[in-house]
Amino acid sequence: MLDRVSPYVLLVSRVMLALIFIKAGWGKIDGFSGTQAYMEAMGVPGGMLPLVILLELGGGLAILFGFLTRSVSFVIAGFSVVSALLFHFDLSDSGQTIHLMKNIAIAGGFSALLVAGPGKLSVDKFLNKAW
């Protein structure tokens, strides 16, 4: 039975992981100057914001459709951990601690997707790409 449902579980998993990044990337476009100022206040060059938007929005869409899934999963997992440490590592603030743990959990989800692959319902499968 697991073989029959796993393509659908992987599709739903990709959608669930992708949506937060698509929304976040779009939100950074909408609030570009505020996001740039926040990044700079945290010691990250604001000039990196277009790359962050590309990764979040473009990477989120790639995961949604199952395109370059394993490579994008690897990059987004790393991005999630780095952004957790840069922007949310304040263990004295319970809200920031939750955001830190959320990012780490998301990295775990992308790590599982890296290992499992995109499943049969994906562009990668259509293009017959294993990696």
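Helix axes here are lines fitted to C-alpha atoms over the stretch in contact, and angles between them run from 0 to 180 degrees between N-to-C directions. With that in hand, start with two helices of this predicted model. Helix H3 covers residues 49–65, and helix H4 covers residues 69–88. Their axes come within 10 Å and cross at roughly 140°. Angles over 145 degrees would count as roughly antiparallel, and 65 to 115 as roughly perpendicular. The H3–H4 angle fits neither range, so H3 is oblique to H4. The crossing of the two helices is left-handed.

Now look at the residues that make this contact. H3 supplies Val52, Leu55, Glu56, Gly59, Gly60, Ala62 and Ile63. H4 supplies Thr69, Val72, Ser73, Val75, Ile76 and Phe79. Sorted by class, the contact has eight nonpolar residues, four polar ones and one charged one. Glycine is counted among the polar residues in this sorting.

Next, the link between these helices. Leu68 sits in the loop between H3 and H4. Its phi is positive, at about 55°, although Leu68 is not a glycine. Is Leu68 buried or exposed? Neither label fits: its relative accessibility is 34%, so Leu68 counts as partly exposed. The cut-offs behind that call are under 20% for buried and over 50% for exposed.

Step back along the chain to helix H2, residues 32–41. H2 packs against H3 at an angle of about 110°, with the axes 10 Å apart. That angle falls between 65 and 115 degrees, so H2 is roughly perpendicular to H3. H2 passes H3 in a right-handed crossing. From H2, the contact uses Phe32, Thr35, Gln36 and Met39. From H3, the contact uses Leu49, Pro50, Val52 and Ile53. By class, the H2–H3 contact has six nonpolar residues, two polar ones and no charged ones. Val52 is one of the H3 residues in the contact with H2, and Val52 is also listed in the contact with H4.

Turn to the aromatic rings. How many aromatic pairs does a search of the whole structure find? The search finds two. One joins Phe21 and Phe110. Their ring centres are 5.6 Å apart and their planes lie at 75°, so the pair is edge-to-face. Phe21 belongs to helix H1, residues 2–30. Phe110 belongs to helix H5, residues 94–116. The two residues are 89 residues apart, and the pair links distant parts of the chain. Both partners are buried: Phe21 has a relative accessible area of 7%, and Phe110 has one of 0%.

The other pair joins Tyr38 and Phe87. Here the ring centres are 5.6 Å apart and the planes lie at 25°, so this pair is stacked. Tyr38 is in H2 and Phe87 is in H4, so the pair ties together parts that are 49 residues apart in sequence. The partners fall into separate accessibility classes. Tyr38 is partly exposed, with a relative accessible area of 39%. Phe87 counts as buried, at 16% relative accessibility.

Finish with H1 and H3. Val15 lies in helix H1. At 28% relative accessibility, Val15 counts as partly exposed. Val15 and Gly60 are 45 residues apart in sequence, while their C-alpha atoms are 8.8 Å apart in space. Gly60 appeared earlier, among the H3 residues that contact H4.

Conventions
Residues are numbered from 1 along each chain as its sequence is written. This is a predicted model: local features need pLDDT of at least 70, side-chain atom pairs count only at pLDDT 80 or more; totals for chains, interfaces and linings use all residues. Side-chain values use heavy atoms; hydrogens and water are left out. Helices (H or I, at least four residues) and strands (E, at least two) are DSSP runs, numbered from the N terminus. Angles under 35 degrees count as roughly parallel, over 145 as roughly antiparallel, 65 to 115 as roughly perpendicular and the rest as oblique. A crossing is left-handed if the near helix is turned anticlockwise from the far one by less than a right angle, and right-handed if clockwise. Contact means heavy atoms within 4.5 Å. Buried means under 20% relative accessible area, exposed over 50%, partly exposed in between (1.4 Å probe, protein chains only). Rings of Phe, Tyr and Trp (its six-membered ring) pair if their centres lie within 6.5 Å; planes under 30 degrees apart count as stacked, over 60 as edge-to-face and the rest as tilted.
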